[in-house]
Amino acid sequence: MYTLIAIAGLGIICLIAEIFNLRKAIVPITILGLLGSLALTVPDFGHYYRYFNSMVITNNFSAAFSCLFIILTIFLIALTPDFHKEHKAKLSDFVAIKLFLLTGAIAMVCFGNLAMFFLGIEILSIALYVLAASQPKNLKSNEAGMKYFLMGAFASGFILFGIALIYGATGSFDTSVIYGKILENQPMPAWYFIGIVMMSIGLLFKIAAVPFHFWAPDVYEGSPALTTATMSTLTKVAAIAAFFKLMTSLNLTVPGTYITIISIVSILSMTVGNITALVQTNVKRMLAFSGISHAGFMLMVFFNPIETPGTLLYYTAAYAFAGIAAFAVILSVCGDKGNEEVYNFNGLGKRNPLMAAVLTCSLLSMAGIPIFSGFFAKFFLFNQVLSTGHVAIVIIAILNSIVSVGYYFKLILAMYTKEATSEVQPTPVMYTIVAVLSIALNIAMGLQPDFVLGLLKI
Amino acid sequence: MENILQQIGIENYIYLSTLLFCVGIFGVLYRRNAIVMFMSIEIMLNAVNLLLVAFSTYHQDATGQVFVFFSMAVAAAEVAVGLAILVAVYRNLNNIDIDNLKNLKG
Amino acid sequence: MDTNLALLLLFAPFAGFLLNVFFGKKLGKGASGTLGTLAVATSFVVTLTFFLQVINTGKPVMVDLFEWLTLANFNVNFGFQLDQLSLLWLMFVTGIGTLIHVYSISYMHDDENMHKFFAYLNLFIFFMITLVIGSNLLIMFIGWEGVGLCSYLLIGFWYKNQDYNDAAKKAFIMNRIGDLGFLIGIFIIGYLFHSLDYTTIATALSSGAEVDATWLSIAALCLFIGACGKSAQLPLYTWLPDAMAGPTPVSALIHAATMVTAGIFMVTRMNFLFNLTPDVQTVIAVVGAITSLIAAAIGLVQNDIKKVLAYSTVSQLGLMFLALGLGAYEIAVFHVITHAFFKACLFLGSGSVIHALHGEQDMRNMGGLKGVMKITYITFLISTLAISGLPPFSGFFSKDEILMTAFHQNKVLWVIGSLASIMTAFYMFRLLYLTFYKDFRGTEEQKHHLHESPGLITFPLIVLAILALVGGVISLPGNSWLNHYLAPVLAKPAHHHELDGTAYMLMGIAVVGALIGIGVAYSKYIKQSAVPAQDSEITGFAKVLYNKFYVDEIYTAIIVNPIYAIGSFFRDVTEAAFSGFIFGLGKVANMLGSEGKTLQTGSIGFYLFAFVLGICSIVVYIFLAK
Amino acid sequence: MDISFVLIILLFGAAASYFVGDKWASKAALIFSTAAFAATAYLTYKYTGGASVSYIKTWVENPMIILGFQADSLSLTMLLLTTALTPIIILATFRNSINNSRTFYALILFMAFAMAGTFVSVDGFVYYIFWELSLIPIYFISLLWGNGDWESRKKAVVKFFIYTFAGSLFMLVAFIYLYQKGGNFLNTTLYRAILTDKEQFFIFLAFFLAYAIKIPIIPFHTWQANVYQKSPTAGTMLLSGIMLKMAIYSIIRWQLPIAPKPATEYMYVFVGLGIAGVIYGSILALKQTDIKKLLAYSSLAHVGLIAAGAYTLTLDGIRGAFLQMLAHGFVVVGLFYAAEIISRRYATGEISEMGGIRVQTPKFASMFMILVLASVAMPLTFNFIGEFELLYSMAQTHIWFAVIAGTTIILGAFYMLKMFQQVMLGEQNAKPFADVTFGEAFVFIAIIAVLIFFGIYPKPITEFITPELERLVRIINRFN
């Protein structure tokens with residue numbers, strides 16, 4: 001709760017700092033502030049608090065994901081000044097928007113009321129629309145922003161519609177009340193289920209699951225790389241976490257049809273994402289498709305929602321840290337010149353072995369190769385899914401993992417086997433730090449999976 | 001208040017707003033002008049608002065109406081951002097036909 | 001004491017091998033040759049000690065060193081069995097081995113790698129001893145493969161010549177075919193008896209243990225296949241003539257006197273097994289007889305002096321197998337021994353000739369050497385008479401015994417054997433006449449350098465010739481020392497043929513046959529002074545014979561070439577297919593990806609449409625599901 | 001000191017080689033790998049003295065994962081093989097000038113670490129991690145330090161990686177599935193897991209896919225020859241000497257005890273596949289013109305035989321497989337080293353461009369010859385022991401298996417001697433060929449010494465491994 005306020009306040013401080021010409025101090029202050037909020041969040045573990053008439057509820061789940069979001073944001077903000085060095089004047093905006101985005105994300109995991117959820121998701125989305133279109137002179141950025149905005153707003157309509165239907169069926173926006181109503185009145189009116197489905201669709205859109213994924217590659221490609229990093233890590237994680245929380249708090253006993261829908265979407269996402277990623281030449285676009293396939297993997301948590309929050313946290317954290325590390329390298333290689341074709345990475349293994357190694361590690365993690373946490377994430381996931389007896393979907397997931405190696409390795413091959421085509425650029429220190437820290441977190445999670453899993457032990 | 005709902009029936013409100021929502025959807029689908037698309041999206045949101053209000057009355061519960069305010073505020077913010085993007089697009093392309101935004105693909 | 005002596009017997013040649021390998025070059029040629037000879041001579045002396053000991057006590061010397069192989073059902077010990085049979089073999093292996101080492105000191109003196117030659121020879125003796133003294137089949141197999149290896153090394157001793165290397169390779173591979181048979185036989189025996197020790201198996205069989213007769217026959221047949229490979233029987237004999245590519249002492253030692261008799265040794269060793277499988281014995285007899293006939297026929301027209309001797313060896317080995325197949329093990333052994341004497345002598349003699357002619361091996365370019373190379377000639381003559389089976393030379397006794405046994409058991413085999421003997425007499429005298437009689441047909445250059453070989457070469461010749469002359473005494477008809485000596489190792493008592501009228505008649509027929517052969521040769525090569533035609537002029541059946549019935553070509557056509565063809569097929573078709581399948585999966589994925597890529601049109605309208613379509617299908621599904 | 005110490009030495013050695021820099025990397029790698037060997041030898045000594053050298057610690061509570069490194073005679077033997085071959089392999093690279101050698105040696109040691117981990121893990125999951133982990137270094141070793149042009153190398157190596165990765169993922173599923181039954185991944189638990197026939201079948205198949213690709217058993221072998229050819233020799237040695245042994249070891253350690261029923265039921269199929277590999281590999285080897293490819297196919301034939309032996313489910317077959325793994329590990333490293341020496345001096349792998357080497361280098365020729373003989377299972381070499389037991393086990397299963405598989409001794413002799421003849425014999429080659437240096441000779445002598453010593457006296461090894469194997473065979477045959 002205090003985290004939410006602190007971060008919102010931090011965002012405002014940022015904007016004020018700009019007014020007082022404290023531009024240099026913005027990033028350090030923000031990072032310190034975020035570390036402070038992290039410290040504020042940690043005590044929430046092991047408790048269950050309700051605030052503002054149950055608008056906000058904090059528990060282990062929200063605390064854990066909030067921590068993850070904050071850490072991700074710290075990384076993203078650390079990357080900001082170097083990325084936007086051409087637009088120093090707008091630094092505070094970029095930082096503040098990211099902070100607001102973080103606020104939205106946190107709201108999405110600690111809501112106790114659908115209103116809060118809706119606000120969270122909208123804060124997050126609007127901040128992202130802005131970020132996606134944050135290069136107004138760049139047509140690609142415009143297009144990305146436009147596409148994202150149009151489709152996002154469209155999806156918001158569905159979420160809202162779903163909320164309205166649920167409200168109609170239960171007479172409340174409070175999740176615990178709704179849950180109570182479900183237990184009392186069986187069967188629920190038909191539109192309750194439709195409402196759930198509508199909300200799910202909105203969230204499936206946010207996590208870019210097939211067939212609601214079409215925006216993702218275009219928007220990832222068109223947006224400034226840092227925004228893409230944000231989208232592919234923070235946003236995706238927040239959306240899936242919110243989705244999970246929503247479904248578990250509204251609909252613990254998911255009916256079979258719903259599971260069928262989720263499994264079909266999951267399979268489609270994995271397959272379409274991976275197979276299309278194979279033929280991409282733009283790294284951001286490739287990671288967008290890879291993100292789509294990971295969304296498919298993440299959706300598998302719904303097969304066993306009671307036991308999987310830990311797994312979801314682990315999976316998302318592993319994915320996000322690998323993603324941050326990868327994007328830190330992409331930023332250092334491509335800068336903000338808007339060209340992220342694979343050939344830019346040629347010869348990176350010689351030019352900058354450290355960054356090449358980091359990118360390799362993060363790609364290996366995404367591909368699910370031990371000892372990176374991506375592997376453990378997949379393992380825990382498969383373990384949970386198999387314990388519910390869904391062998392077929394695990395086999396499909398395995399096949400997809402195999403395909404995914406194909407395109408992750410394309411990048412690795414480019415780094416190590418091709419001669420460099422462009423001259424060496426100095427890598428900003430911050431990029432290196434973020435990349436290394438992030439991949440270190442990833443590997444550390446792989447070495448001590450119990451720590452992360454233990455955060456959400458039931 | 002009860003009478004109105006008793007007279008007309010909650011189902012009809014649902015049908016109406018669903019219809020409105022669908023009008024919005026089709027608007028988004030058919031129109032190529034970004035502004036019109038925005039407006040269609042607004043229709044969708046307003047359809048929902050209508051539904052919320054109807055349910056609020058149905059349930060004799062004010063929160064639904066409060067929610068409408070939230071949603072209106074959000075819609076406003078959204079449109080503000082959307083228009084800003086639109087302006088940027090217009091500056092680059094000199095029109096706002098979304099069919100011209102096809103550079104990112106594949 | 002016995003153990004140490006046995007180890008000395010075994011390791012003296014091995015030490016010779018090691019010393020020659022590592023220090024041979026530094027020692028110089030004389031020293032390295034002497035060293036190699038001494039090593040084998042040591043073994044000979046030790047053998048002699050054991051031999052006398054066993055003759056006195058009549059008990060075999062058993063040595064168990066350590067457990068070598070452990071299998072689920074049985075163990076294989078590294079153990080030696082020095083009994084009558086192995087000691088007899090050792091006697092001529094080490095004895096003739098020593099002589100040939102002596103011979104080689106002179107013969108190989110001009111070769112830069114002489115120390116290697118002696119190293120290989122010593123290694124060969126080492127493995128041959130292992131083969132002979134092993135107490136079980138697997139130790140025999142060590143020696144079996146080891147001598148094959150040495151044969152490979154020595155045939156290809158002049159490794160700069162790829163033809164020689166081909167011959168060496170061929171010998172090794174053909175031997176390996178037999179070895180596979182041997183191995184399978186070992187497997188079956190191990191499976192049946194849970195042991196590979198000769199004594200254990202013999203005890204098991206004699207005590208009437210329940211053993212599946214079919215498997216026993218198969219095992220015996222497999223062992224015989226092994227023997228076929230090593231002892232150059234049909235259909236695996238073709239390597240032996242080619243093996244003449246090696247230096248002549250090698251041909252004498254390995255490819256005439258010792259290694260090629262390993263098959264006979266093995267069958268004799270396992271006589272208790274073969275006794276129980278009469279059908280396999282028949283096979284052995286038939287194969288032996290046919291081999292002896294075919295090889296002799298081919299030998300009729302060969303012009304390379306060593307090739308003639310090689311085919312003669314194959315033919316004689318066939319006779320030995322004939323004897324084995326008839327269950328007359330002691331007679332086969334007898335012939336092995338006499339054959340070792342005269343064939344070694346013949347090879348060494350031919351080596352002496354070749355040495356004198358500086359490498360010439362074609363008999364068409366020889367002749368008239370009688371006068372220059374007296375010692376060589378005389379020893380050669382004695383051996384030729386022996387192999388032709390004229391009394392009182394050793395060959396007469398052994399060959400006669402074989403034919404006599406055949407006569408008593410199967411007349412057809414007797415006819416075949418006799419025919420082969422007649423041919424033998426013919427081609428051997430043909431060889432003798434072409435080489436030593438008439439005028440010299442070589443170049444002037446060669447003629448100028450003709451000389452008798454030095455003492456180190458002639459000494460072994462003389463010794464061997466004497467042995468070829470008197471070797472028959474060890475088993476005179478009617479009073480055989482050998483039969484008596486071998487009795488303990490043979491499961492069935494030796495055949496004893498009365499010296500009755502039939503016996504004398506058969507002897508007479510054999511002698512007359514031999515004389516006919518000699519007579520034909522005499523009339524053709526002395527009276528008519530015929531010289532074999534040039535290769536291109538050979539026609540008709542002679543051409544078929546001259547080309548060895550085209551067996552090599554047939555083997556190439558039906559075995560080697562198909563293997564290569566299959567190899568090409570595998571390489572070009574199946575490998576490509578397997579590989580293509582895997583890459584194909586990748587390609588399919590890529591193709592699908594390209595298809596998926598086209599879906600990503602970039603048009604918001606389409607995206608929204610897909611979005612709505614997705615919703616619709618979900619909603620429809622929900623309603624349908626309900 | 002327990003067995004994890006060896007792993008730590010190797011891992012630390014990898015780091016150390018990287019950080020000491022290019023100049024000293026090779027020496028550091030050699031020192032650490034030798035230290036690992038010494039440590040393993042010491043542990044083996046301790047183990048034979050009755051001391052326990054295992055290491056067990058819970059790693060993850062839920063799902064239950066145990067960081068367990070068990071030292072029994074089998075894993076210790078394989079560990080010995082790994083740690084003995086690693087210094088030899090490192091030594092074999094000494095004459096090459098290697099770019100960025102610190103990374104190279106670090107990767108080699110890291111690979112040794114991963115492979116050693118595979119051999120000693122008792123927890124299926126930890127085992128799987130090491131199994132996969134070993135793929136990454138070899139991928140880079142082959143890719144970055146390999147031969148041939150980039151494109152074909154890339155194609156071969158990436159195919160190898162994806163292929164083996166694909167296979168092992170199915171194994172992961174099998175492990176997870178088994179976990180649902182057992183509650184942890186310990187092999188002893190998994191052996192006891194109660195499975196229906198159908199479950200056993202699919203689990204067996206999943207394992208089979210992983211192992212068949214790694215070994216490789218035909219028709220899953222297509223990655224092999226190209227990767228062997230393209231890899232630097234050190235990589236080829238690691239692959240053929242140790243890595244494929246991982247798979248055979250795993251068959252014995254994991255696949256057969258966990259799912260023995262399908263193995264019994266379809267034994268003929270699997271033994272048959274292995275034997276088909278023998279013939280197929282041998283015949284293909286005959287047609288190769290590149291020496292490393294030839295050795296690759298010969299390796300295919302040999303491991304086919306080993307796999308076939310393991311699948312006979314008899315003590316003889318499994319022990320033979322085990323012994324032959326060790327023997328083949330040494331001999332194949334030696335052969336590839338010989339190939340490396342030749343192709344380094346002549347800068348080509350084409351057999352047709354060789355020949356006439358023996359005249360110039362008698363020492364090298366002799367040592368190469370001994371290795372060739374060992375590889376064709378000449379008695380008194382270690383390979384004979386293994387091959388004999390393998391063939392004997394097949395004879396017990398069905399005599400024709402032994403006959404057909406036995407053709408390996410004929411075909412093996414055929415292609416090896418043919419190769420030897422074309423490469424080494426004949427008239428002196430126009431190109432000069434320097435005789436082996438002391439370091440090169442040392443590698444050969446070490447390998448030959450091992451091969452011949454155990455060929456004459458295999459008892460130390462057989463006695464060491466037999467009790468454990470007997471236990472495993474009992475587990476494997478628990479249903480009959």
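## Reading chains, contacts and a helix

Mentor: No contact joins chain B and chain D, whose closest C-alpha atoms lie 25 Å apart. Please keep in mind throughout that this is a predicted model.

Trainee: Which pair of chains shares the most contacts?

Mentor: Of the 5 pairs of chains that are in contact, it is chains C and D that share the most contacts.

Trainee: How should I read the interface of chains A and B, and how many residues of each chain are in contact?

Mentor: As a general idea, the size of an interface is often given as the accessible area lost when the parts come together. Here we count residues instead, and 33 residues of chain A are in contact with 33 residues of chain B. On the side of chain A that touches chain B, helix H5 (114-132), helix H6 (139-170) and helix H9 (215-222) of chain A each supply at least two residues, and the largest share, 18 residues, comes from H6(A). Sorted by kind, the residues on this side of chain A divide into 21 nonpolar, 6 polar and 6 charged.

Trainee: Turning to chain D, how many helices and strands are there?

Mentor: Chain D has 20 helices and 2 strands. Its radius of gyration is 21 Å, close to the 23 Å that the globule rule gives for 480 residues, so chain D is as compact as a globular protein of that length. Along its principal axes, the C-alpha trace of chain D spans about 65 × 55 × 45 Å, and buried residues make up 68% of the 480 residues in the chain. If you take the contacts in chain D between residues at least 6 apart in sequence, 82% of them join residues at least 24 apart.

Trainee: Now for a single helix: which residues of H2(B) are buried, and which are exposed?

Mentor: Begin with its length, since helix H2 (residues 10-30) of chain B has 21 residues and reaches 30 Å from its first C-alpha to its last, close to the 30 Å expected at 1.5 Å a residue. The buried residues in H2(B) are B:Tyr13, B:Ile14, B:Ser17, B:Phe21, B:Gly24, B:Ile25 and B:Val28. These cover an arc of only 110° around the axis, which puts them on the same side of H2(B). On the other side of H2(B), B:Glu11, B:Asn12, B:Tyr15, B:Leu19 and B:Tyr30 are exposed.

Trainee: What do the buried residues of H2(B) pack against?

Mentor: They pack against helices from three chains, namely H6 and helix H8 (190-206) of chain A, helix H3 (34-59) of chain B and helix H25 (604-625) of chain C.

Key
Residues are numbered from 1 along each chain as its sequence is written. Chains are lettered from A and ligands numbered from 1 in the order in which they are written. This is a predicted model: local features need pLDDT of at least 70, side-chain atom pairs count only at pLDDT 80 or more; totals for chains, interfaces and linings use all residues. Helices (H or I, at least four residues) and strands (E, at least two) are DSSP runs, numbered from the N terminus. The radius of gyration is taken over C-alpha atoms; the globule rule is 2.2 Å times the number of residues to the power 0.38. A residue is buried if 20 or more other C-beta atoms lie within 10 Å of its own, exposed if 12 or fewer, and partly exposed in between; C-beta atoms are placed from the backbone. Two residues are in contact if their C-beta atoms, placed from the backbone, lie within 7 Å. Ala, Val, Leu, Ile, Met, Phe, Trp, Tyr, Cys and Pro count as nonpolar, Asp, Glu, Lys and Arg as charged, and the others, Gly among them, as polar. The expected span of a helix is 1.5 Å times one less than its number of residues. The arc is that of the directions from the helix axis to the C-beta atoms.
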